[in-house]
Amino acid sequence: MTSPVRPPDAGQDPLEEISRNYRPISTHLAITPPVSVVIPAMNEAENLPYVFKTLPDWIHEVVLVDGNSTDDTVAVARELWPDVKVVRQLGKGKGDALITGFAACTGDIIVMVDADGSADGQEIVSYVSALVSGADFAKGSRFANGGGTDDMTPIRKLGNHVLCSVVNAKFGARYTDLCYGYNAFWRHCLDEIELDCTGFEVETLMNIRVVKAGLKVQEIPSHEYLRIHGASNLRAVRDGIRVLKVILTERSGRGRRGARRAAARGLPFRKGQGEVS
């Protein structure tokens, strides 16, 4: 038995009804999944105007994770994006901030964007397009064809290349970039990668664990611009050593086992803690 198709109400445009369920993001693409953008920030009040002005207006929400800023970071964010969700970070480090922000997201797609003005928010459409086309994880790359960087010293470039080559060799990845923080993924990926680090090595950990989990990764060419104001907390040698430790730990298999043991003890690896306002 077939059900009759109910005709639209008089005066109701069926295309208008359909369009209400979709979010147009370009002239040739519309999506239904809500997109959350996570921005970890500490004393970035001067840079936020540059960050927010490039964010597309079709995104579902902006989650700003404030690392106990002493400037007007939170006030500026609220002025620029009145509906911004502000989460106060209780721990320390970029990894901790991202885990905290991810837990506060309500969107199906999560995009990571730095607060220093180095990322162009208009590129988000490329990341989202890759995800709705079948990828699980859209990984930004400054060294893929069409990408670039204005903000890497020769020593950092060399270190990134060496570490990237090690990850490719040890885990069967085919990355062209490793230590880059502009990425996007489906929210369900968080259940597969069990994040459990606090520092800048978080991007490397994510990149390794998505490969180990068998998730589909697509690299997105991205251009990294110079930080506009202030100085970065990144330290090439110190953080390079932390990245190398992550690689060695994941290669030995201790990383995921440690995360599972901690989860069994009730430690919040996949769900960051913070105060939302």
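What is the volume of the second largest pocket? It is about 200 Å³, and I will come back to that pocket once I have said what kind of model we have in front of us.

This is a predicted model, in which local features need pLDDT of at least 70 and side-chain atom pairs count only at pLDDT 80 or more, while totals for chains, interfaces and linings use all residues. Residues are numbered from 1 along each chain as its sequence is written, and side-chain values use heavy atoms, with hydrogens and water left out.

Let me begin with confidence, which is given as pLDDT, the predictor's confidence in each residue on a scale from 0 to 100. The protein has a mean pLDDT of 86, with 82% of its residues at 70 or more. Over residues 1–7 the pLDDT stays under 50, and the model has 0 contacts for them beyond four places in sequence, a contact being heavy atoms within 4.5 Å. The pLDDT is also below 50 over residues 261–272, although this stretch has 19 contacts in the model beyond near neighbours in sequence.

Turning to the overall architecture, the protein contains 10 helices and 12 strands, where helices (H or I, at least four residues) and strands (E, at least two) are DSSP runs numbered from the N terminus. Of the contacts with a separation of 6 or more, 76% are between residues 24 or more positions apart. Among the 277 residues, 47% count as buried; buried means under 20% relative accessible area, exposed over 50%, and partly exposed in between, with a 1.4 Å probe and protein chains only.

Now back to the second largest pocket, a pocket being, on a 1 Å grid over the protein atoms alone, an open set of points with protein on both sides within 12 Å along at least five of seven lines, whereas a cavity is a set where a 1.4 Å probe fits but cannot get out, and lining residues have an atom within 4 Å of a point. The pocket is lined by Gly172, Ala173, Arg174, Tyr175, Val211, Leu215, Val217, Gln218 and Glu219, and strand S10 (residues 217–221) contributes the most, with 3 residues. By class, this lining divides into 5 nonpolar, 2 polar and 2 charged residues.

As for enclosed space, the structure holds 2 cavities of 30 Å³ or more, a volume being the space filled by probe spheres set on grid points that are joined across faces, edges and corners. The second largest cavity has a volume of about 40 Å³, and its lining consists of Asp114, Ser118, Ala119, Tyr180, Gly181, Tyr182 and Glu224.

Two of those lining residues, Tyr180 and Gly181, are also in contact with Glu203, as are Lys94, Met112, Leu178, Cys179 and Asn183, leaving aside neighbours within four places in sequence. Is Glu203, which lies in helix H8 (residues 202–212), buried or exposed? Glu203 is buried, with a relative accessible area of 5%.

I will finish with two backbone details, for which the background is that most residues other than glycine have a negative phi. Asn43, in the loop between strand S3 (35–41) and helix H2 (48–53), has a positive phi near 55°, and with 34% relative accessibility Asn43 counts as partly exposed. Asn68, in the loop between strand S4 (61–66) and helix H3 (73–80), has a positive phi near 60°, and at 39% relative accessibility Asn68 is partly exposed as well.

Notes:
Ala, Val, Leu, Ile, Met, Phe, Trp, Tyr, Cys and Pro count as nonpolar, Asp, Glu, Lys and Arg as charged, and the others, Gly among them, as polar.
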